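Q: Please take a close look at the side-chain interactions in this model, beginning with the surroundings of one arginine and then setting them beside the other charged, aromatic and cysteine side chains. I would like the geometry and the burial of the partners considered together.

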Amino acid sequence: MKNITCFLSPGTFDDTKQTIKEFRKSAAVSKIVLVCKEQPAEPFEGAEILVAGSLVSAKTVKQIAEISDTEFTLIYTRNAALNPGQLALERFAQVAADTLAGMVYSNYLAVKNGKVENVPVIDYQEGSLRDDFNFGSVLFYHTATLKKAAEQISEELEFAGLYALRLAVSRLAPILRIPEYLYTEQETDLRKSGEKIFDYVDPKNRAVQIEMEKACTCHLKKVGAWLEPVFEPVNFESQPFATEASVIIPVRNRVRTIEDAIKSVLSQKTSFSFNLIIVDNYSTDGTTEIIARYAKTDNRVVHIIPERKDLGIGGCWNEAVMSASCGKFAVQLDSDDLYFDETTLQQVVDAFYSQNCAMVVGTYQMVNFDLQEIPPGIIDHKEWTPENGRNNALRINGLGAPRAFYTPVLRKIPVPNVSYGEDYALGLAISRHYQIGRIYNPIYLCRRWDDNSDAALSTEVMNGHNLYKDRIRTIELLARKNMNLKKRE
């Protein structure tokens, strides 16, 4: 049965011709539509031409929905040559038909530097709201669901049309992963994981980010998880503290950078008292000795070696925050990073009082090990607004740095005992009730170097990280839905 319509954008003539040829091999393909910004100079045998805008624009998505007249619609989102596996398109159709999924996707194979690598992708869940969720390049829709979803998206979206379509589909039917390697594609982005993870906040992509926020906000309203800009006030005199602020550094084996971090804190100029709590998670490389030396000579340095040996970064934070030494405000500093200058801590504490917030997030500058600026430079999250920041936080993959917390609020929320995403989970939970304050000038230097824990992660480790953050988003999404339901009762 010819029950699939395929849509793709042109790449090179040879790559496009090859992809069309591969699609034509499937007996299930009814027609192939090449989405072009203008009529191509050379004809492509076996394909119809749709003159339209970008494949990711809402207008193009609506045109695709209107044109497709088969049971299923396939959208290929890249323009390199695609090589479907044996009966791959038939397998997509079978799973979509058997499950009534609105969209299915699969694992795939990627050719990198001439070598073929497995690329497993992760399962979609309700909290998979990231606009950079990796579905692979083959999106396979039930056309009836596609048409209904396309009706729900705004035609004004130039960059977020395909993203808005996915969100709309998820409201109508399941989005399902096939755990099989159904096609092979050329991988053109050969950067390490540590070079990719900040793409979503690159200032060059701000117009795209603003559109993605609009699409996500619309989705949250439709599913009942959007929160109005009404926040609980913060009483900063709710309990006494001997110290106004504590900088917290969890550390394990950072002998090359811990002294720089310590000096960065001790050089702060403030109008209030502060200390530095370092939770030393059983370092074995000389880090412990450096901390002990500073703790011996400066009473502001509190050196904690926890009794437990099962702690991640989040668990180390719990040790520091629950300590009697912790001040009214707990301020983050990673063991391989630095404060921008001697005013950082003062700016953070001032922001708590001026913005009446339970958490403050600053702006950071990306630097190499030698503190020279590297792309994408300054990360300020300027798309965050007081009115919608906590809703948009469910879409983005992080909140920024440095992060600081009003300690009485933080003590009510156990920090997840993990070493990735614990700060994001905290930010979402706090923002459910309280305003998050922002500082938009750089106050933090974020070092990226080869020994960073996320400098060159495997696909499996990255998948684990993304799966965890999606689960955190799912938990928060459900919590916000339930909170809104209770308000309406």
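A: What follows starts from a single arginine and then moves outward to the salt bridges, the ring pairs and the cysteines.

The model is a predicted one, and every value below is computed from its atoms. Arg-473 is placed in helix α15, which spans residues 459-488, and with a relative accessibility of 0% this arginine counts as buried. If neighbours within four places in sequence are set aside, the contacts of Arg-473 are Gly-127, Leu-129, Arg-130, Leu-394, Arg-395, Ile-396, Asn-397, Tyr-424 and Leu-428. With one of these, Tyr-424, the side chain of Arg-473 makes a polar contact of 2.9 Å. The ring of Tyr-424 has a further charged partner, since the charged end of Lys-469 sits over that ring at 5.1 Å from its centre.

Helix α15 also takes part in a salt bridge through Glu-476, whose partner is Arg-432, with the closest N and O atoms 2.8 Å apart. This pair links distant parts of the chain, because Arg-432 belongs to the loop between α14 (422-431) and β18 (436-447), 44 residues away from Glu-476. Glu-476 counts as buried, its relative accessibility being 3%. Arg-473 itself enters a network in which salt bridges with shared partners join it to Arg-130, Asp-132 and Asp-470.

Over the whole structure the count of salt bridges comes to 22. One of them connects Asp-123 and Arg-177, whose closest N and O atoms are 2.8 Å apart; Asp-123 lies in the loop between β7 (115-119) and β8 (138-142), whereas Arg-177 lies in strand β9 (residues 175-186), 54 residues apart. The two partners fall into separate burial classes, for Asp-123 is partly exposed at 40%, while Arg-177 is buried at 19%. A further bridge joins Arg-308 and Asp-310, with a closest N to O distance of 2.6 Å, and here Arg-308 is partly exposed at 48% and Asp-310 is partly exposed at 43%.

Turning to the rings, the search finds 19 aromatic pairs. Among them, Phe-236 and Tyr-353 are arranged edge-to-face, at 4.9 Å centre to centre and with 65 degrees between the planes. Phe-236 sits in the loop between α7 (206-223) and β10 (245-251) and Tyr-353 in helix α11 (residues 344-355), so that 117 residues separate them. Phe-236 is buried at 7% relative accessibility, whereas Tyr-353 is partly exposed at 36%. Another edge-to-face pair is that of Trp-317 and Phe-405, at 5.6 Å and 80 degrees, which ties helix α10 (residues 313-321) to strand β17 (residues 403-406) across 88 residues of sequence. In this case Trp-317 is buried at 6%, and Phe-405 is buried at 2%. Ring pairs also link Phe-236 and Tyr-353 with Phe-329, Phe-352 and Tyr-406 into a cluster. Elsewhere, Arg-447 lies over the face of Phe-369, 4.7 Å from the ring centre.

The cysteines complete the picture, and the search finds zero disulfides. The sulfur of Cys-357 has its closest cysteine sulfur in Cys-326 at 16 Å, which is too far for a bond, and Cys-357 is buried at 0% relative accessibility. Likewise, the sulfur of Cys-446 is too far for a bond, because the closest cysteine sulfur, in Cys-316, is 19 Å away; Cys-446 counts as buried at 9%.

Terms used
Residues numbered from 1 in each chain as written. Predicted model: local features only at pLDDT ≥ 70, side-chain atom pairs only at ≥ 80, totals over all residues. Heavy atoms only, no water. Phe/Tyr/Trp six-rings, centres within 6.5 Å; stacked < 30°, edge-to-face > 60°. Helix = DSSP H or I, 4+ residues; strand = E, 2+ residues; numbered from the N terminus. Buried < 20%, exposed > 50% of the residue type's maximum accessible area, 1.4 Å probe, protein only. Lys NZ or Arg CZ within 6 Å of the ring centre and 35° of its normal. Disulfide = S-S within 2.5 Å. Polar contact = N/O pair within 3.5 Å; in protein donor to acceptor, adjacent residues only side chain to side chain. Contact = heavy atoms within 4.5 Å. Salt bridge = Lys/Arg side-chain N within 4 Å of Asp/Glu carboxyl O.
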